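Biologist: Could you take me through this model and show how each label is earned? I would like every term set against its cut-off.

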Amino acid sequence: MLYVSTRGGGEKLLSSEAIIKGLSDDGGLYVPEHFPQITLDVINLLAAKPYSQRAAYILGVYLGDFTPEELESQTDAAYNSGGFAVPEVAPLRKVSDDTFFLELWHGPTSAFKDMALQILPRLLTSSLRKTNESKEVCILVATSGDTGKAALEGFRDVPGTRVMVFYPRDGVSDVQKLQMTSQQGSNVNVVAVEGNFDDAQNGVKEIFTDEFLKEWAREKGFFLSSANSINWGRLVPQIAYYVSAYCDLLNSKEIQLGDKIDFCVPTGNFGNILAAYYALRMGLPINRLILASNQNDVLSDFINTGVYDRNRQFYTTVSPSMDILISSNLERLLFELSGKNGEIVSGLMSELSKNGRYELSSDMRDALANIFSAGRCSEEETLECIAKAFKEQDYLIDTHTAVAYNVLQKYRDGNNQQQPCVVVSTASPYKFSESVLIALGQETIGNGADLIDSLFNFSKSPVPMPLSGIRNAVPRFEKSVAVADMQAAVREFLQS
């Protein structure tokens with residue numbers, strides 16, 4: 001399996017080379033030349049295996065220069081070493097006859113990013129050995145809340161690595177901020193950006209394409225890479241949990257082998273639902289992929305109209321990890337919709353850069369509509385959905401999961417559709433205790449730790465262990481920079 005840039009430039013790379021590099025020199029994202037296929041017989045065999053072995057198989061069909069033994073060892077270490085609180089790793093919770101929640105938040109940071117960022121450091125260090133890379137890698141991360149903590153935790157004190165996280169100063173929850181700024185480890189750094197997530201993400205992308213800065217880093221003994229889902233090594237592990245969810249539905253006899261199901265996914269940067277699309281292209285029996293947007297509805301508008309237009313008001317919402325107007329991973333989907341035409345993708349990305357918008361051709365728009373549906377959830381609807389799920393199903397959900405659940409309900413009402421659907425639950429409700437308490441009509445007095453206690457006292461839903469001790473967390477990192485000063489912050493970090 002070789003990897004190419006979505007923009008058609010550069011050479012074809014092995015998976016280890018693509019993981020190390022992160023972003024192509026032409027600014028494109030690395031994608032596999034073709035989709036490996038997974039048969040129903042293989043799905044049936046995987047259903048009998050634990051999550052780590054399911055993940056090892058999926059990784060193996062994409063990462064051709066890794067041996068099966070390597071991947072089984074790495075997935076075992078990532079998912080079975082105590083970092084995940086439940087043996088299923090990514091359990092399914094049934095809330096009605098046709099609705100299931102895929103809980104992806106039982107890892108060390110209580111968010112779905114753990115599913116990939118517990119394995120990525122292992123894939124990256126193996127890739128460094130395979131390519132005989134002697135320089136130290138500096139991982140740069142832009143985060144809207146969850147990726148940052150998961151990357152910091154995953155790469156903490158990993159030999160030969162440093163990790164630097166940029167987050168929007170006023171665009172994450174108090175718990176998310178404290179999780180990041182209190183991070184332990186000798187090789188980590190956290191910096192707030194005076195702007196929103198798109199500003200932080202654009203700043204990191206500019207760093208990756210700045211040849212002068214990259215050469216300076218090389219002279220200092222470093223090379224730059226990413227732990228955002230623009231890195232293929234971050235995205236490919238996410239495919240596994242869609243396959244695993246299907247396997248678990250088989251095991252519980254909720255479906256028969258070959259039955260098609262839907263997935264409803266809350267997303268802002270398009271990486272999570274893109275992994276579901278890749279699973280579909282591999283042959284996983286999926287009927288529809290339902291994309292859920294919050295008030296920042298650039299993606300749901302795109303799915304419904306074929307026009308991507310970031311020229312709109314940016315909202316700070318109760319689901320901050322989705323507060324994004326520039327969805328990087330969408331470029332990978334454009335590559336597939338265009339028939340793997342890098343020239344078309346480059347043109348669309350150029351239009352986006354110049355005008356803040358682009359429009360798909362009719363063929364690409366039709367291909368999009370054949371697979372995706374989409375909807376938007378307002379702030380009021382988000383809170384109402386949390387209250388309704390708790391009252392009617394005795395199930396506590398976070399704000400991002402509520403966006404997806406609300407969009408699914410509206411999709412079903414509009415399509416008279418009762419197909420089995422898996423709602424992707426991306427974070428523990430305790431990461432957003434204040435908003436969840438407001439939704440439940442409770443007082444919100446105190447700081448993040450106090451609010452966690454208040455939510456537990458009201459709901460009696462167990463608090464994830466990583467969050468139960470956050471009261472004692474002491475911030476280590478308090479630096480804030482303008483977007484224009486992000487490069488200077490990287491230089492300072494690499495000289496420390």
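**Labels and their cut-offs**

Modeller: Happily, and let us begin with S226: its relative accessibility is 3%, so S226 counts as buried, the term for under 20% relative accessible area, while exposed is over 50% and partly exposed is in between (1.4 Å probe, protein chains only). A word on the ground rules: this is a predicted model, where local features need pLDDT of at least 70, side-chain atom pairs count only at pLDDT 80 or more, and totals for chains, interfaces and linings use all residues. Residues are numbered from 1 along each chain as its sequence is written, and side-chain values use heavy atoms, with hydrogens and water left out.

Biologist: Which residues are in contact with S226, leaving aside its neighbours within four places in sequence?

Modeller: They are L120, I139, L140, F208 and N231, where contact means heavy atoms within 4.5 Å. S226 itself belongs to strand β8, residues 222–226; strands are DSSP runs of E with at least two residues, helices are runs of H or I with at least four, and both are numbered from the N terminus.

Biologist: What does the side chain of S226 reach?

Modeller: The backbone nitrogen of N228, at 2.9 Å.

Biologist: Why is D157 called partly exposed?

Modeller: Its relative accessible area is 42%, which lies between the two cut-offs, so D157 is partly exposed. You will find D157 in the loop between α7 (146–155) and β6 (161–168).

Biologist: And is K253 buried or exposed?

Modeller: K253 has a relative accessible area of 70%, over the 50% limit, so K253 is exposed. The loop between α11 (232–251) and β9 (261–266) holds K253.

Biologist: What makes the phi of D157 worth a look?

Modeller: Most residues other than glycine have a negative phi. D157 is not a glycine, yet its phi is positive, near 60°. K253, also not a glycine, has a positive phi of about 60°.

Biologist: Stepping back, how do you know that the radius of gyration agrees with a compact globule?

Modeller: The rule, applied over C-alpha atoms, is 2.2 Å times the number of residues to the power 0.38. For 496 residues a compact globule would come near 23 Å, and the protein has 21 Å, so the two agree. The C-alpha atoms fill a box of roughly 60 × 50 × 50 Å along the principal axes.

Biologist: How much of the protein counts as buried, and how many helices and strands are there?

Modeller: Of the 496 residues, 61% count as buried, and the protein has 22 helices and 15 strands.

Definitions and conventions:
A polar contact is a pair of N or O atoms within 3.5 Å; within protein, one must be able to donate a hydrogen and the other to accept it, and residues adjacent in sequence count only if both atoms are side-chain atoms.
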